[in-house]
Amino acid sequence: MNSKISIWWEYTAILLFFVGGCNLFVYFKTAGLTDIFSNLDNRPFPPAEAHIKATLGGLLYGIKVIWFESRGLPWISGLLNRNYRRVIWVVGIPLLIFSTVIQIQLFYDIAIRGMSLKQAFDASLAFISSGIFLSFLVHCFFLSIALSFIRQLRIYFGETVFLNYLTGKYANPLVEERTFMFLDLNGSTSIAEKLGHVKYSRFLNKCFDDTLDALEGFHFEVYQFVGDEVVITWETQKDTSGTAIAMYRRVTEKLENNKEHYKRIFGIVPTFKAGVSCGKVSATMVGKSGRHIAYHGDVLNTTARLLGQCKKLGRSILFTDFYLNKISNQTNFNAEHLAELRLRGKKTKSQIYGIGAIT
């Protein structure tokens, strides 16, 4: 699925989630009632009007949450400190709920009920000082926590894996055709020695954050972080134009654009080398109660071996003929055959291709 279409589907689902959640709150509060009384003038109005407010409020609040989590939160936490990201979220979400309630109350009372601005404002103050507002605030806050948790799981597993995980598809080993990309920090040993383990950890976190930010919009799953290395994967059939190469270029550009920040904070500008290959793997849940999805297959060994060849062959990214043969559109890059690779215990050799000199 096109990444832009996927994003719009996600945004639509978020809006429907909050519209449904707000209306569910109204339903539980008004079930069996024929009229609800305003705190301001004791004037009755039917529950249907409360559902209209809930629908409008859910839409507006959903839009705010989308903006806050995709734009506002990264910007604010970048200005302050990424360590306070969760604190910023916990403070920001109630403020969004509060502002949404005020806006919907004012709009509805002025535009629909014909109140004056002062009457509408007094009615809004009366509502937010009531117990029902407090319960609505708590309800929306926990809705937001649930949605944020689901979105983080989706980001961690990836869209396809997440859906398969929910449906229990990985309860038994499942054969898949997948592409794997290993991104490994260059000179990690000397960097760790220079920075010390605490500052080095912050350095790695920043590198990984920038890497994942750079890859936003691509369809992939983070398989695992291993020391100074991140392993990402995606379904091979969805890659026809050299996605891995485009991804690597995007990561390189991101790190280059942020080099002054790295120099100022750490005194080092990070670079990554990459290995890419594809093939059949078995995917299954491992660990007690199935806590992790694991992939097993020769492609993982092959891809890991490519990293060791980068310095030897003088290339920053290497990929195998297995990956190259799956790409029908090779107009975006020029692949150069560099060497052969034979895994221990395997009869067939992998042909190694590369682009770009190592940095």
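In which helix is Ala246 found? I will begin there, and then walk through the rest of the chain, keeping in mind that what we have in front of us is a predicted model.

Ala246 is found in helix α9, which covers residues 243–257. With a relative accessibility of 33%, Ala246 counts as partly exposed, because the buried class is kept for values under 20% and the exposed class for values over 50%. Along the sequence, Ala246 and Phe333 are 87 residues apart, and yet in space their C-alpha atoms are 9.2 Å apart.

Let me now step back to the chain as a whole. The protein chain has 12 helices and 10 strands, and of its 359 residues, 45% are buried. If we take the contacts in the chain with a separation of 6 or more, 70% of them come from residues that are 24 or more positions apart.

From that overview I would like to turn to the strands, and to β3 in particular, which runs over residues 174–185. Of the 12 residues in β3, 9 are buried, so this strand is largely enclosed by the rest of the structure. Strand β3 pairs with strand β6, residues 272–286, in the antiparallel sense, and 12 bridges are found between them; one pair to look for is Glu176, whose bridge partner in β6 is Val281. Strand β3 also runs antiparallel to strand β5, residues 229–235, and here 7 bridges join the two, with Met181 having Ile232 in β5 as its bridge partner.

Strand β5 in turn pairs with strand β4, residues 221–226, again in the antiparallel sense, over 5 bridges, and the partner of Glu221 in β5 is Thr233. What do β4 and β5 form, and how many residues lie between them? They form a hairpin with 2 residues between the strands, and Gly227 in the turn has a positive phi of about 60 degrees.

Next come two helices, α7, which is residues 188–195, and α8, which is residues 197–214. Their axes come within 7 Å of each other and cross at roughly 125 degrees. That angle makes α7 oblique to α8, because it lies outside the ranges for roughly parallel, roughly antiparallel and roughly perpendicular. The crossing of the two helices is right-handed. On the α7 side, the residues that meet α8 are Ser188, Ile191, Ala192 and Leu195, and on the α8 side they are His197, Lys199, Tyr200 and Phe203. Sorted by class, this contact has 5 nonpolar, 2 polar and 1 charged residues.

I will finish with two single residues from earlier in the chain. Is Asn23, which has a relative accessible area of 16%, buried or exposed? Asn23 is buried, because 16% falls under the 20% limit. Asn23 has its place in helix α1, residues 3–30, and, if we do not count residues up to four places away in sequence, Asn23 touches His51, Ala54 and Thr55.

The other residue is Val65, found in helix α2, residues 47–79, and Val65 also counts as buried, at 1% relative accessibility. Leaving aside the neighbours within four places in sequence, Val65 is in contact with Phe18 and Leu96. Finally, Val65 and Gly92 are 27 residues apart along the chain, while their C-alpha atoms are separated by 9.6 Å.

Key. Residues are numbered from 1 along each chain as its sequence is written. This is a predicted model: local features need pLDDT of at least 70, side-chain atom pairs count only at pLDDT 80 or more; totals for chains, interfaces and linings use all residues. Side-chain values use heavy atoms; hydrogens and water are left out. Axes are lines fitted to C-alpha atoms, for helices over the stretch in contact, and angles run from 0 to 180 degrees between N-to-C directions. Helices (H or I, at least four residues) and strands (E, at least two) are DSSP runs, numbered from the N terminus. Angles under 35 degrees count as roughly parallel, over 145 as roughly antiparallel, 65 to 115 as roughly perpendicular and the rest as oblique. A crossing is left-handed if the near helix is turned anticlockwise from the far one by less than a right angle, and right-handed if clockwise. Contact means heavy atoms within 4.5 Å. Ala, Val, Leu, Ile, Met, Phe, Trp, Tyr, Cys and Pro count as nonpolar, Asp, Glu, Lys and Arg as charged, and the others, Gly among them, as polar. Buried means under 20% relative accessible area, exposed over 50%, partly exposed in between (1.4 Å probe, protein chains only). Two strands pair if DSSP finds at least two bridges between them.
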